[in-house]
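Work through the exercises below with the sequence and the model at hand. Try each task before reading its solution.

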Amino acid sequence: MTTNTYIHGIGMTKFGTHEDRTLKDLLLDASRQALEDAGRPKVDAVFVGNFLAGSMSNQEILGAIVANDLGLGFVPTAKVEGACASGGIALRQAVLAVMSGEHDTVLVAGVEKMKHAKTAEVTQAINAAMDTDSSEKSAGLTFPGFFGVLANRYFHETGASKKHLAMVALKNRENAMNNPLAQFSKATSLEEIMNARMITEPLGLFDCSPMTDGAAALVISRKPSGIHIKASSLVSGPTQMQDASDLLSIPAIGESGRRAYEKAGLGPEDIDVVEIHDCFSMTEMIAIEELGFFPRLEGWKAVEKGLTKANGEKPVNTSGGLLSRGHPIGATGVAQIYQLVRQLRGDAANQVEGARIALAQNLGGTGSYSAVHILERV
Amino acid sequence: MKKLKVYSCCGHDTVVKRVYCPSCGANEISEREVEDKGSIYSFTKIHVPPSEFAHLAPYYVALVQLDGTSAKVTARMTEDIAIGDQVELDKVEDGAYLYKSV
Ligand SMILES: [Zn+2]
């Protein structure tokens, strides 16, 4: 069924490198912005999406820190972990808390601080989102590695090539250049993207989302506002590449999309603007197929025709996406909603004229979790 | 050397052992040993590894389509490979399946 929840306020820090700011500082900044945007309502509960604060900043109890340092009183709080889907799952927990009748107004925040660590250490910490008690982890597979394996098979079975992945990366960079909160604002080219150093072949530097510091926050309530959360869905999927029955499908994305469409009474054709979890350029290609925007194994054709550009028929990642807006892991799912609310309010970077229905899809692991939210301007 | 095991129920073969079959709920999933041979279904060459594998980079991670089953296994290789190449299990080391070209 649809939800009885509405978005009242949004907040977001700039994504990028915040050497001189702490995790808490970023988290409180985004939360304060969201509360002020919502008109400082009484908050009944807090859910924080985060993945690495324990392993990389030795900091837990994020929910209690938000409630205490904002001065929200002795309210229930929790940190929610679902790898890169932590933010989307935090929002879903907040929606369910309101739908249950337990709370009227809930603050949702997401945060991550990664830039202070070395790439190898971050790659190691992120590997916690694999099944580490598996032969696959012992073989040395990584997140970009999984999507590299997927990309080579996708190229083998379709007419797609590295150039199509580069087109995804270039589109998202061009969108980010208009987003003042995005991590990357420097212009690039297909040539530069295709010639960049390899990370996990065929994926190069521009095909992979960066390490990012940043936070984002939302206030939701049962009290009506101009932005209705029409659907919230979450599913789990395969936790190992070698266990997938079809390498070129990420079933968690497809199933979370189907459930969200059913709850909303809508289909992919009704969606005006989309934020998709492009942790890698290849992931965006698969997700636009799984969510039903384009036929299976034909996403690359849509990319080639420019259909997913901000002025195309199905604008995807007008924020710049994870690839260029940045990917502070626990904040990403919340930042997707930030961009879509701006789209529905009509004041977004890369504004889609008249956008009324928006969809966000937030992925965790290599398909271990997928959360989908559908928003409607009412 | 121990042979690779494949677990089957409801027409689905996998190298990952489950408690219950996700299709029918059975808790007695049949298991059998499979041959060491297979072919490269897909692969990647990892240039940026996590710290614990830094000493091995660059290395290949391959998804191997095992012969005689629909199951696949994730393996590490050091030689240059392409989709369709015939490979076989070389050894199991620190929990990882290491394959080589045949
Ligand atoms: Zn069964």
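**Exercise 1. Locate Ala83(A) and describe its backbone and its burial.**

Step 1. Ala83(A) sits in the loop between strand S3 (77–80) and helix H4 (86–99) of chain A. Helices (H or I, at least four residues) and strands (E, at least two) are DSSP runs, numbered from the N terminus.

Step 2. The phi of Ala83(A) is positive, about 50°, although Ala83(A) is not a glycine. Most residues other than glycine have a negative phi, and most peptide bonds are trans.

Step 3. Ala83(A) counts as buried, because its relative accessibility is 3%. Buried means under 20% relative accessible area, exposed over 50%, and partly exposed in between (1.4 Å probe, protein chains only).

A note on the model: it is predicted, so local features need pLDDT of at least 70 and side-chain atom pairs count only at pLDDT 80 or more, while totals for chains, interfaces and linings use all residues. Residues are numbered from 1 along each chain as its sequence is written, chains are lettered from A and ligands numbered from 1 in the order in which they are written, and side-chain values use heavy atoms, with hydrogens and water left out.

**Exercise 2. Do the same for Asn350(A).**

Step 1. The loop that holds Asn350(A) runs between helix H14 (329–345) and strand S10 (357–364) of chain A.

Step 2. Asn350(A), a residue other than glycine, has a positive phi near 55°.

Step 3. With 16% relative accessibility, Asn350(A) counts as buried.

**Exercise 3. Find the cis peptide bond from Glu201(A) to Pro202(A) and the one that joins Ala57(B) and Pro58(B), and place each proline.**

Step 1. In chain A, the bond from Glu201(A) to Pro202(A) is cis, with omega near 5°. Pro202(A) lies in the loop between strand S5 (198–200) and strand S6 (203–204) of chain A.

Step 2. In chain B, the cis bond joins Ala57(B) and Pro58(B), and omega is about -5°. Pro58(B) is in the loop between S4 and S5 of chain B.

**Exercise 4. Describe the surroundings of Ser319(A).**

Step 1. Ser319(A) belongs to the loop between helix H12 (299–305) and helix H13 (321–324) of chain A.

Step 2. Its relative accessible area is 0%, so Ser319(A) is buried.

Step 3. Leaving aside residues up to four places away in sequence, Ser319(A) touches Asn175(A), Ala176(A), Asn179(A), Ala182(A), Glu275(A), Arg325(A) and Gln339(A). Contact means heavy atoms within 4.5 Å.

Step 4. With Glu275(A) there is also a polar contact from side chain to side chain, at 2.7 Å. A polar contact is a pair of N or O atoms within 3.5 Å; within protein, one must be able to donate a hydrogen and the other to accept it, and residues adjacent in sequence count only if both atoms are side-chain atoms.

**Exercise 5. Is helix H11 (residues 281–290) of chain A enclosed or open?**

Step 1. Of its 10 residues, 10 are buried, so the helix is largely enclosed by the rest of the structure. Among them are Met282(A), Met285(A), Ile286(A) and Glu289(A).

Step 2. Just after H11(A), Gly292(A) has a positive phi of about 85°.

**Exercise 6. Characterise the interface between chain B and chain A.**

Step 1. Start with the contacts: 31 residues of chain B are in contact with 31 residues of chain A.

Step 2. The area buried between the chains is about 2,700 Å², with 55% of that from carbon and sulfur atoms. Buried area is the accessible area (1.4 Å probe) that two parts lose on being put together, summed over both. Tyr41(B), Val48(B) and Thr74(B) supply 21% of the area that chain B buries against chain A, more than any other three residues.

Step 3. There are 2 salt bridges between the chains, a salt bridge being a side-chain nitrogen of Lys or Arg within 4 Å of a carboxyl oxygen of Asp or Glu. Asp243(A) forms a salt bridge with Arg18(B), the closest N and O atoms being 2.6 Å apart.

Step 4. Between chain B and chain A, 19 residue pairs are in polar contact, both residues at pLDDT 80 or more. On the side of chain B that touches chain A, S4(B) gives the largest share, 6 residues.
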